[in-house]
Amino acid sequence: MSEDTRFLNDGWNLEHTYAEQLPGMFYTEQIPTAVSVPQLAVFNDELARDLGLNSDKLKLCPEIFTGNVLPHSSKPISQAYAGYQFGHFSMLGDGRAVLLGEQITSNGERFDIQLKGSGRTPYSRRGDGRAALAPMLREYIISEAMFHLGIPTTRSLAVAFTGEEVIREKALQGAVLTRVAASHIRVGTFDYISAYGTEYDLRKLADYTISRHFPYIENEKNRYLFLLREVAKRQAQLIAKWQLVGFVHGVMNTDNMAISGETIDYGPCAFMDTYDPNTIFSSIDIRGRYAYKNQPDIGAWNLSRFVESLLPLIDSDENRAIEFAQAEIANYRKYYDDYWLAGMRAKLGITNTEPQDGEFVAELLSLMETHKLDYTNTFRRLSFAEEISELSDWREKWQSRLSRQPQSLDDALDMMKRNNPAVIPRNHRVEEALTTAENGDLLTMHKLLDALQNPFEDSEYYSPPEPNFCKYQTFCGT
Ligand code: AMP
Ligand code: MG
């Protein structure tokens, strides 16, 4: 490989602290399974540059993005984890993914580089280790949209065709996604160690997590309690941001909750068009456990699982540990409420606080629900002070609310335009991009990706779907 000039100065600078610092039960060494015809479907030049990678060189070697060729400094592993899926504990692990290593950027940041859809692993259970094109492009599109909306998320560096079929309900084109993440440590990683490891293993994981994501708490006396607090804060902030843009994750199992506070594992997720707190898109979520309105509570439920794993480290006296931990869960709720209300004030151009602001926002949401208004566009239209007939009474209160702060109306509207996106990855647009991509035309997807890079600029992508698109459903495990 060394004499191949494609690999000179391609920018890879991979480290492997996860495998080096954690006991063997945390991972398995795993070489990706080669595919027949590697070819890039989409490549993220901007992200490659930020990672210190040489896009021009890398695009000449699509084999890297299917796992046929390994970057020179990679040591691929699959990670072990468990998770509570719809409330029930299961042993899981990377059943179709390998971590190539941790890319160190020129300013010293560390990012996991993972191939998803790269073949079977010891954690595959009955799965084929593969992924289909549409769901991988879907993750690419939505994760990049989330990033440009300012929401913490894993990112997507590339999607490559495999030239092979994957068999689902029918034969589909196969693909591999290259995912970039602050780390892939999940609540489920703690669930796994808590169920199968020793206290030593747990401490190793907690210390590794602290040094990787929360180095500023390393010297706290009870750093594990601080770990819980920091995870709770980031989770509260993340879920508040989801709620503020109308994002429904769809499968908030503990294995799909990253300790870093990034959105991870884009499966049956989607953005809601019409405002309805009961929105759920996933075909398998019959009871609506992961409906839009339940996301903040599920965050608390998942944190409780995290607490249960951490208890032995928090205090040797279990009762005291429980007491401390319960206080932190209660704080999560408060952090969430504060982030959410602050975000809603920004969406409405409000710069100071009044005790009845919460009620005032609730009144707007209730009107939006009653009149089946589009969530995104209602806020966007308000940002241009547009008249919305269904909201006329509320609007008078809003105008008077804005008069009770020092900023001018124009300043308030400017602020609103920066906090209310015009462009979100609407389901009908995403589906259109995926269908055309499956038929070999990638242009529609590229145009959509371009619009999603500037979500606060008006464009043709603002329009909601025709009413007949309303019963949108998404599917898991694809
Ligand atoms: P997800 O629904 O993508 O969060 O995945 C849940 C679990 O199923 C994880 O352990 C995945 O690695 C595994 N999994 C999903 N799809 C496949 C597949 N096609 N082959 C093997 N494992 C899979
Ligand atoms: Mg998952």
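User: Let's start with the two tryptophans: are Trp 394 and Trp 398 buried or exposed?

Analyst: This is a predicted model, and in it Trp 394 is buried and Trp 398 is buried too. That label calls for a relative accessible area under 20%.

User: How do you know that about one helical turn separates Trp 394 and Trp 398?

Analyst: Helix α12 covers residues 392–403, and Trp 394 and Trp 398 sit four residues apart in it, which means about one helical turn lies between them.

User: How many aromatic pairs does the structure hold?

Analyst: There are 19 aromatic pairs in the structure.

User: Why is the pair of Tyr 192 and Tyr 196 called tilted?

Analyst: The planes of their rings meet at 55°, and the centres are 5.8 Å apart. The centres have to lie within 6.5 Å to pair, and planes that are neither under 30 degrees nor over 60 count as tilted. With 5.8 Å and 55°, Tyr 192 and Tyr 196 therefore make a tilted pair.

User: Where do Tyr 192 and Tyr 196 sit along the helix?

Analyst: They lie in helix α5, residues 187–196, and are about one helical turn from each other because four residues separate them.

User: What makes Tyr 192 buried?

Analyst: Its relative accessibility is 8%, and the cut-off for buried is under 20%. Tyr 192 therefore counts as buried.

User: And why is Tyr 196 called partly exposed?

Analyst: Tyr 196 has 48% relative accessibility. A residue is buried under 20% and exposed over 50%, so 48% puts Tyr 196 in the partly exposed class.

User: Back to the tryptophans: why is the pair of Trp 394 and Trp 398 called stacked?

Analyst: Their ring centres are 5.8 Å apart, with the planes at 15°. Stacked needs planes under 30 degrees apart, so at 15° the Trp 394 and Trp 398 pair is stacked.

User: Which residues form one aromatic cluster with Tyr 192 and Tyr 196?

Analyst: Tyr 84, Phe 89 and Trp 301 belong to that cluster along with the two tyrosines.

User: How do you know that the charged end of Lys 347 sits over the ring of Phe 379?

Analyst: The charged end of Lys 347 is 4.5 Å from the centre of the Phe 379 ring and sits over that ring. The distance limit is 6 Å, and the charge must also be within 35 degrees of the ring normal. A second case is Lys 417, whose charged end sits over the ring of Phe 384, 4.8 Å from the centre.

User: Now the ligand. Which residues come nearest to ligand 1?

Analyst: Among the 16 residues around ligand 1, the nearest are Gly 93, Gly 95, Arg 125, Asp 128 and Gly 129. By class, the shell contains eight charged, six polar and two nonpolar residues.

User: What makes the approach of Gly 93 to an oxygen atom of ligand 1 a polar contact?

Analyst: The distance from a backbone N or O atom of Gly 93 to that oxygen is 2.6 Å, and the limit for a polar contact is 3.5 Å. Gly 129 also places a backbone N or O atom 2.8 Å from a nitrogen atom of ligand 1. For Asp 265, a polar side-chain atom lies 3.4 Å from an oxygen atom of the ligand. As for cover, ligand 1 on its own has 480 Å² of accessible area, and the protein covers 85% of it.

User: What is special about the phi of Phe 86?

Analyst: Most residues other than glycine have a negative phi. Phe 86 is not a glycine, yet its phi is positive, near 50°. Its place is the loop between β5 (82–85) and β6 (88–91), and Phe 86 is partly exposed at 27% relative accessibility. Lys 372 likewise has a positive phi, about 50°, and lies in the loop between α10 (357–370) and α11 (375–383).

User: Why is Lys 372 called exposed?

Analyst: Exposed means over 50%, and the relative accessibility of Lys 372 is 62%, so Lys 372 counts as exposed.

User: One last residue: what makes Thr 279 buried?

Analyst: Its relative accessible area is 11%, and buried means under 20%, so Thr 279 is buried. A polar atom of the Thr 279 side chain lies 2.5 Å from the backbone oxygen of Asp 276.

Methods:
Residues numbered from 1 in each chain as written. Chains lettered and ligands numbered in written order. Predicted model: local features only at pLDDT ≥ 70, side-chain atom pairs only at ≥ 80, totals over all residues. Heavy atoms only, no water. Near = heavy atom within 4 Å. Polar contact = N/O pair within 3.5 Å; in protein donor to acceptor, adjacent residues only side chain to side chain. Areas by Shrake-Rupley, 256 points an atom, 1.4 Å probe, with all protein chains shown as cover. Nonpolar A, V, L, I, M, F, W, Y, C, P; charged D, E, K, R; others polar. Phe/Tyr/Trp six-rings, centres within 6.5 Å; stacked < 30°, edge-to-face > 60°. Helix = DSSP H or I, 4+ residues; strand = E, 2+ residues; numbered from the N terminus. Buried < 20%, exposed > 50% of the residue type's maximum accessible area, 1.4 Å probe, protein only.
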